[in-house]
Amino acid sequence: MRGVGLLWLMFLLTVLLSSLSVHAEDWVKLNSTAYGHDLNSVYPVNQHLVFAVGAPVDMISGIIIKTENGGDIWRTVKEHDRPILSVCAWNENDVVAVGSYDATDDDTPNSGIHVSHNSGETWSQPLSPVEVT
């Protein structure tokens, strides 16, 4: 009985891996330079609207970019002095991006949380970092 279970598992893994290799051929590289930044997070809202966030290799600044045509053209919707690490959207308008925070650096604004309610056209930072004692 144990051999049948192992055989079934091997069959499922083979099917899964073969389906992945078929779909991997469908990937197309689209304008991937992202303004010289490495992308940390990509969030597709739908097949046309996609948000991405990143930071340069030195992790000094951050960027939020978006495309409205499925990746053919990307534009910057926010730049920041700190890296932007992740992005998520609830719908086409409401987007949240999270960046790094350095409690030891009072001279550079921290990224914290960035919120947009108009598809990334304007951003606010509603929450200030909280000091932990």
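Which strand holds Lys66? Select residues 62-67: this is strand 3, and Lys66 is found there. Keep in mind that you are looking at a predicted model.

**The whole chain**

Start zoomed out. Colour by secondary structure and you will find one helix and seven strands. The helix comes at the N-terminal end of the order, which runs α-β-β-β-β-β-β-β. Now show the surface. The protein exposes about 9,100 Å², with carbon and sulfur atoms supplying 60% of that area. Of the 133 residues, 31% are buried. Turn to contacts between residues at least 6 apart in sequence: 35% of them join residues at least 24 apart.

**Strands 1 and 2**

Select residues 38-44, which are strand 1. Add residues 50-55, which are strand 2. The two strands form a hairpin, with five residues between them. They run antiparallel and are joined by six bridges. For one of these pairings, click Pro44: its bridge partner in strand 2 is Val50.

Stay on strand 2 and show its side chains. In a regular strand the side chains alternate between the two faces of the sheet. Are the faces of strand 2 covered or uncovered? Both are covered. Val50, Ala52 and Gly54 lie on one side, Phe51, Val53 and Ala55 on the other, and each of these residues is buried. That makes six buried residues out of six.

**Back to Lys66**

Bring strand 3 back into view. Strand 2 and strand 3 pair in the antiparallel sense, over five bridges. Click Phe51: its bridge partner in strand 3 is Lys66.

Is Lys66 buried or exposed? Lys66 has a relative accessible area of 2%, under the 20% cut-off, so this lysine counts as buried. Now select what surrounds Lys66. Beyond its neighbours within four places in sequence, its contacts include Leu49, Val50, Ile73, Trp74, Val77 and Ser119. Glu121 is another contact of Lys66. Draw a distance between the side chains of Lys66 and Glu121: a polar contact of 3.3 Å joins them.

**The open sheet**

Move on to strands 5, 6 and 7. These three form an open sheet in the order 5-6-7, with antiparallel pairing. Strand 5 (84-89) and strand 7 (113-116) stand at the edges; each has a single partner strand, so one side of each lacks a neighbour in the sheet. Neighbouring strands here are turned by 15° against each other on average, direction ignored.

Finish on strand 6, residues 95-99, which pairs with strand 7 over four bridges in the antiparallel sense. Click Val98, and look opposite: there is Ile113 in strand 7.

Methods:
Residues are numbered from 1 along each chain as its sequence is written. This is a predicted model: local features need pLDDT of at least 70, side-chain atom pairs count only at pLDDT 80 or more; totals for chains, interfaces and linings use all residues. Side-chain values use heavy atoms; hydrogens and water are left out. Buried means under 20% relative accessible area, exposed over 50%, partly exposed in between (1.4 Å probe, protein chains only). Contact means heavy atoms within 4.5 Å. Accessible areas come from the Shrake-Rupley method with a 1.4 Å probe; for residues, only the protein chains shown count as cover. Two strands pair if DSSP finds at least two bridges between them. Axes are lines fitted to C-alpha atoms, for helices over the stretch in contact, and angles run from 0 to 180 degrees between N-to-C directions. A polar contact is a pair of N or O atoms within 3.5 Å; within protein, one must be able to donate a hydrogen and the other to accept it, and residues adjacent in sequence count only if both atoms are side-chain atoms.
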